[in-house]
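Dear colleague,

Please find below the structure for your examination. My findings follow it, in the hope that they will be of use at the bench.

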Amino acid sequence: MVAMLFAGCGGGGETAAPVQAAQPAGRMVSLTVPSQKVGFTYNIDVYLPASYDASSAAYPTIYALDGDSRFDGINTRFDNFRETLRSKGTNAILVGIGGTARRLTDYNFPGATAFHDFLTTELIPLVDARFRTVQGKRMLAGISTSGNLAATALFLEATSTFSFSHFLSTEGAFWQQPDAINTLEQQMFDATRGRTIPVTLVLVRATAGTGTNATYVHDLFLRLDARRYAGLTLIETSFATGHVESDNPAFADVVGRIFP
């Protein structure tokens, strides 16, 4: 076997493939943000791409729910997303929101209303004031229970003002609160008749093995697709992975779509 491995390695004038230079690391900022809306203090991690300090440009912002979770058993969700942005050389700011221990309270109703108010009236203004951001290009990203909020935030904002332009809901656990979700979607439908919804919603489902939320994700997609919301870019994608394993490829896919 050793002879076979080395047999094709030498001579013949072949050249090795060029080694690609590693992408610069960027910079991290950690914040502690108390919320009057929720009554809880959140640990916030902010990743600034390598180009940020050498530029005066404004950057789009990605808000990652469950930022301190370790769904893969090793890295936090924030760390995984940061590595995706770094490896792709994506010029975007990443905001990782801690407080995963509160996920059933913050990401489902009634607590989700106060948490959404925290995002839109406390956290986003703070981030916009401290960093150079493109205020018309923000993405909210969640998975499973936090994927619920990543979708229902769209329903909440459609009746007033959009704080986010893109919503990424990966493997949303929509079975947890079907009545609340359907009621909010109906309210959005009633409130937006004759109006344009100029945002993007990406619904991601995992299709490998048991224990995924694929059926519930697809059902919500079909409901929204049948509404024919004017201006809404509705995307459904699927990955042949398990439930939590879909998170990183789904994020990488959306980053490629939105921040090419």
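The hairpin of S1 and S2 has four residues between its strands, and Gly39 there takes a positive phi near 80°. Please bear in mind here and throughout that the model is predicted. Strand S1 covers residues 27-35 and strand S2 residues 40-48; the two run antiparallel and are joined by nine bridges. Within this pairing, Met28 stands opposite Tyr47 of S2.

The hairpin belongs to a wider sheet. Eight strands form this open sheet, in the order S1-S2-S4-S3-S5-S6-S7-S8, with mixed pairing. Its edge strands are S1 and strand S8 (233-239), each of which pairs on one side only. From one strand to the next, the twist averages 20°.

At the S8 edge, the neighbour is strand S7 (residues 200-206), which runs parallel to S8 and is joined to it by seven bridges. Arg205 stands opposite Ser238 in S8. The side chain of Arg205 also meets that of Glu236 in a salt bridge, at 3.1 Å from N to O. This pair links distant parts of the chain, since Arg205 lies in strand S7 and Glu236 in strand S8, 31 residues apart. Arg205 has a relative accessibility of 22% and therefore counts as partly exposed; Glu236 is likewise partly exposed, with a relative accessible area of 22%.

Helix H5 (residues 145-157) lies across strand S5 (133-143), strand S6 (166-170) and S7, and runs at about 135° to S5. From its first C-alpha to its last, the 13 residues of H5 reach 19 Å, close to the 18 Å expected at 1.5 Å a residue. Of the 13 residues of H5, 13 are buried, so the helix is largely enclosed by the rest of the structure.

As to the nonpolar interior, the largest core has 49 residues, and those with the most contacts inside it are Ile97, Leu119 and Leu123. Helix H4 (residues 111-130) gives the most to this core, contributing seven residues. Leaving aside residues up to four places away in sequence, Leu123 touches Val33, Ile44, Tyr63, Val95, Ile97 and Phe118. Apart from this core lies another, of 21 residues, among them Phe81, Leu168, Phe251 and Phe259.

A search of the whole structure finds 13 salt bridges. Besides the one described above, two deserve a description here.

One of them joins the side chains of Arg86 and Glu83, at 2.6 Å from N to O. Both residues lie in helix H2 (residues 77-88), and because they are three residues apart, about one helical turn separates them. In general, an α-helix has 3.6 residues a turn, so residues three or four places apart point the same way. Glu83 counts as partly exposed because its relative accessibility is 38%.

The other is formed by Glu185 and Arg227, whose closest N and O atoms are 2.9 Å apart. This pair, too, links distant parts of the chain: Glu185 is in helix H6 (residues 178-191) and Arg227 in helix H7 (residues 214-227), 42 residues apart. With a relative accessibility of 0%, Glu185 counts as buried, the cut-off for buried being under 20%. Salt bridges that share partners join Glu185, Arg223 and Arg227 into one network.

With kind regards

Key. Residues are numbered from 1 along each chain as its sequence is written. This is a predicted model: local features need pLDDT of at least 70, side-chain atom pairs count only at pLDDT 80 or more; totals for chains, interfaces and linings use all residues. Side-chain values use heavy atoms; hydrogens and water are left out. Two strands pair if DSSP finds at least two bridges between them. A nonpolar core is a set of buried Ala, Val, Leu, Ile, Met, Phe, Trp, Tyr and Cys residues joined through side-chain atoms within 4.5 Å. Buried means under 20% relative accessible area, exposed over 50%, partly exposed in between (1.4 Å probe, protein chains only). Contact means heavy atoms within 4.5 Å. Axes are lines fitted to C-alpha atoms, for helices over the stretch in contact, and angles run from 0 to 180 degrees between N-to-C directions. The expected span of a helix is 1.5 Å times one less than its number of residues. A salt bridge is a side-chain nitrogen of Lys or Arg within 4 Å of a carboxyl oxygen of Asp or Glu.
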